[in-house]
Amino acid sequence: MTSSSSHLILPLLLLQYLLIPDLLFASNVYIVYMGEKNQDETEAMVELHHEMLSTVLGCKEAATSSILYNYKHGFSGFAAVLTKSQAAHIANYPGVVHVVPNRILDLHTTRSWDFMHLEASFPDGIIPKSRSGDGSIIGVVDTGIWPESESFNDHDIGKIPSRWRGTCQQGEKFDASNCNRKIIGARWYIRGYEAEYGMLNTSDVVEYRSARDAVGHGTHTSSTAAGAFVSNASFMGIARGLARGGALKARLAIYKVCWASGGCSSADILAAFDDSINDGVDVLSVSLGQSPPLPAYVEDVLAIGSFHAVARGISVVCSAGNSGPFSQTVINTAPWILTVAASTIDRIFVTKITLGNNLIQAGQALFLGEHADKFYGIVYAEDIASDKADASDARGCSAGSLNSTLARGKVVICFQTREQRSPLVASDTVRRAHGVAVIFSQFLTKDISFAFDFPCIQVDFETGTNILMYIGNTRNPVIKFSPTKTALGTVTAPEVAYFSSRGPSSLSPYVLKPDLAAPGVNILASWSPASPQNSKPSLDFKIESGTSMSCPHVTAIVALLKATYPDWSPAAIKSALITTATIDDENALNIAAEGAPNKQANSFDYGGGHVNPNRAIHPGLLYDMVPSDYVHFLCSMGHNNTAVSSIVRQPTVCHDAYKSQKDLNLPSIAIPELKGKLTVSRTVTNIGPVASTYTAHVEAPPGVSVRVKPSILMFNSTISKLNFKVKFRSELKVHSGYLFGSLTWEDGVHWVRIPLAVRPIIDVFSIYT
């Protein structure tokens, strides 16, 4: 939904002011991260945390009142209220990897599954092979869940897996009866949030001190991933059909860390990761994050928590962010995370616009018909600017820019400007000026904004200009709208969404991000009736867009793969998804990326391509990794031996050989600086027929020579894993931007494709010699 920079934390709880007066106006929440736990006795670990804190604060009572969380299952550490000097002091204690200030992260939908051909009837497809994900447990780190939603019924679902160790935590309007064989666990975390903002005030905003969802976001993502069949589902009559999640028989474990009035505290998020590791989830779906500048991985709670989860075989799927279409905006870039971009599907919502001269134009909207088929006067926003607004502000319908007398009872047409890009802002401006509807002319995109109880029709600049010409040539221009109609299969899809954050990674450019794309535009899924965005109590489904929506699509597919291949590592699952992704749309054309203007998509838009679940079940070859590979990566990021050893809780020496990231066995190759020549190594594991022969096919980036040695891989009963090298040589004599290509291993049945992204450079300082 949103993607914004993190905020510094705010004052403490009043209780803590009273207990530790000298901390007044000077204390914050800090996360003391101590790496991998080195003992199974959690009580001893908690005692260690308290002793350490007692030493700093002077007594056990102060330590008890200061500490918020003990992290003791997947890793060791704690969150506590400290002054800046106390945090600096404790950072020097033996065993402390890093002390990180608490940050607030932001939250970043059923045609989509049919669009991806995820059907039980698909021959040899992933649904029948995985038994619809039966046995898999999906952990959702989000705003909670609305358990009464029909999407979470447990009809035809068997017993809860015996390995499940979680709980159904009670709270406000949520108890054990709200869990079932679908929602098998629910927890909520608020200590970090309340240390940030003070006690939760439910009189100002609808919220529940429990796992119950008052926002809607968590309900939406959970039902997208594993919702049950719900017939005749729609958003107020629009997009009516059969709603379902991707992994119908997977179980859900809910971890509420985000709250209606203030985002998601990193201390709470890390506590959720810690519990989920112990609870027994198979995959975690995390649709949140913070925008650049990205923190170092040892300071990023999502990277820390996911590292320990992946080390225990739990896949972690994260949203790529909503700051597109600009480069270097992708977030959640750690190589052990599966990072998902957003794409469109082949469904649009068409709204017919009829001008007074009977000229018909097409727009898109979620228009419910309150003012349908009735002519209203129409005015151009710039012509009715308020006295205090300049022309540009009025043109985009910025807040307060319109003359209410001239807008009253009229439809107002606004044009997107550099400063004002939001249809929702324009809708609110026109509403406040007593207009009856807004037409918002903008860059071409399929993402639809919805303003409750107020018609907002989105058109492209060409259509907007045609309407403007009609206004200029007509004495009393009028316009009417017809109710929105749902159309399937009439537009090119998929395309990468305009808002989807793009690569390369600003933190580790050798790690190609995002990893792949999945549906995230105009996704219909369950919603919370308590959400303040609701205009009607009966709103149980809602259409939403964002990488928050694409993330649970991939989460569901991961759950299906895990149910089919329970022994696969997170890296193997990630490899299967990336190497089988498609780069062509439904018409066998290259996938496009929305932008200004639209363009052919590349690896920084969609990673390996658009997810293809039925191909992922038979990948042929895997680019697999083990946790020690990620340790070498941490060494290459410049972390010292002590920090890396503490993270993994085993002696680690970062050799010079670990200083390069290029040979990390990812299912992609990114070279941010190709100076002449460079050789990259990769290893593949055969999981197809024992006797298999694969041949390399290279689509070289323009201006770059690419050679693969050996170019033929032969597997047999004794050889299931083989290494190969890829030699790159720049043929350009000038600096270049990134150039894209691919390497595909093919055996006649499988096409195992990885993307290549290369930026040739020259030594610009040579001009000084």
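**Note on a covered helix, an open sheet and a charged patch**

1. In this predicted model, helix 8, which runs over residues 217-226, is mostly covered, since ten of its ten residues are buried. Going through helix 8 by name, the buried residues are His-217, Gly-218, Thr-219, His-220, Thr-221, Ser-222, Ser-223, Thr-224, Ala-225 and Ala-226.

2. Turning to the strands, a student may find it helpful to trace one sheet in its order: four strands form an open sheet that reads 31-33-37-35, and the pairing is antiparallel. Strand 31 (621-622) and strand 35 are the edge strands, and each of them pairs on one side only. As general background, strands of a sheet pair through backbone hydrogen bonds, and the pairing may be either parallel or antiparallel.

3. At one end of that order, strand 31 and strand 33 (residues 677-686) pair in the antiparallel sense over two bridges. To locate this pairing in the structure, look for Leu-621, which stands opposite Asn-686 of strand 33.

4. The surface deserves a separate look, for Lys-677, Arg-707, Lys-709, Lys-725 and Lys-727 gather there in a patch of positive charge. Two strands each supply at least two residues of the positive patch, namely strand 35 (704-709) and strand 37 (721-730).

5. Which strand holds Lys-727? Lys-727 has its place in strand 37, and because its relative accessible area is 35%, which lies between the limits of 20% for buried and 50% for exposed, Lys-727 is described as partly exposed. A value of 35% also passes the requirement of over 30% relative accessible area that is set for residues of a patch.

Definitions and conventions:
Residues numbered from 1 in each chain as written. Predicted model: local features only at pLDDT ≥ 70, side-chain atom pairs only at ≥ 80, totals over all residues. Heavy atoms only, no water. Patch = residues over 30% accessible without salt bridge, like charges linked within 9 Å, V, L, I, M, F, W, Y side chains within 5 Å. Areas by Shrake-Rupley, 256 points an atom, 1.4 Å probe, with all protein chains shown as cover. Salt bridge = Lys/Arg side-chain N within 4 Å of Asp/Glu carboxyl O. Lys, Arg positive; Asp, Glu negative; His and termini not counted. Charge placed at Lys NZ, Arg CZ, Asp CG, Glu CD. Buried < 20%, exposed > 50% of the residue type's maximum accessible area, 1.4 Å probe, protein only. Pairing = 2+ DSSP bridges.
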